[in-house]
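Q: Could you take me through one part of this model up close, the first helix and what surrounds it? I'd like the pieces tied together rather than listed.

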Amino acid sequence: LYGERCDAEAERLFDNVDGQEQLATLLIAEARSRMAEVLAEIQSNPKLRHLLAVISADTSRWIRAAAARPDESPPRRAGGSRVDARPPLSATLALLHRILEVLSPGSPGHDRAVQ
């Protein structure tokens, strides 16, 4: 559902999922993909480029690391296509908070999330 950009529905069902840590680990790819879309838009729009100054180099590297990780591709529709409509940035922030809420510090999933 997150991959389909149905965040409200996904959030409603999240607590009913067994293996939340494994799900959160998979959702890292979706979060990075969303942030990469935002970063690309900021970089390509001269009116928004000044916003790059508030994104730390570490954060930017974390976002871009998704492209360098072939094992971490965002969820896709059943037919393999990506959803075109970008969710609001606030929905992506909520997704990131949810991921970190589920992944306990020091766990393999948490360590992977912050790499």
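A: Let's settle a term before anything else: a residue is buried under 20% relative accessible area, exposed over 50%, and partly exposed in between, using a 1.4 Å probe and protein chains only. Helices are DSSP runs of H or I with at least four residues, strands are runs of E with at least two, and both are numbered from the N terminus.

This is a predicted model, in which local features need pLDDT of at least 70 and side-chain atom pairs count only at pLDDT 80 or more, while totals for chains, interfaces and linings use all residues. Residues are numbered from 1 along each chain as its sequence is written, and side-chain values use heavy atoms, with hydrogens and water left out.

Now the helix itself. α1 spans residues 7-14, and D7, A10 and F14 are its buried residues. They sit on the same side of α1 because they cover an arc of only 60 degrees around the axis, the arc being that of the directions from the helix axis to the C-beta atoms. Flip to the face turned away from that buried side and you find A8 and R12, which are exposed. As for partners, the buried residues of α1 pack against α2 and α4 (89-102); a contact here means heavy atoms within 4.5 Å.

Step back into the segment before α1 and you meet R5. R5 isn't a glycine, yet it has a positive phi of about 70 degrees. For background, most residues other than glycine have a negative phi. R5 is also buried, with a relative accessible area of 13%.

One of the partners, α2 (20-44), has another job to look at: together with α3 (57-64), it is one of the helices that each supply at least two residues to the lining of the second largest pocket. A pocket, on a 1 Å grid over the protein atoms alone, is an open set of points where a 1.4 Å probe fits, with protein on both sides within 12 Å along at least five of seven lines; lining residues have an atom within 4 Å of a point. The largest share of that lining, 4 residues, comes from α2. Among the lining residues are M35, V38, L39 and I42, along with T59, I63 and L89.

For the wider setting, the chain has 5 helices and 0 strands, and 35% of its 115 residues count as buried. Residues 24 or more positions apart account for 73% of the contacts with a separation of 6 or more.
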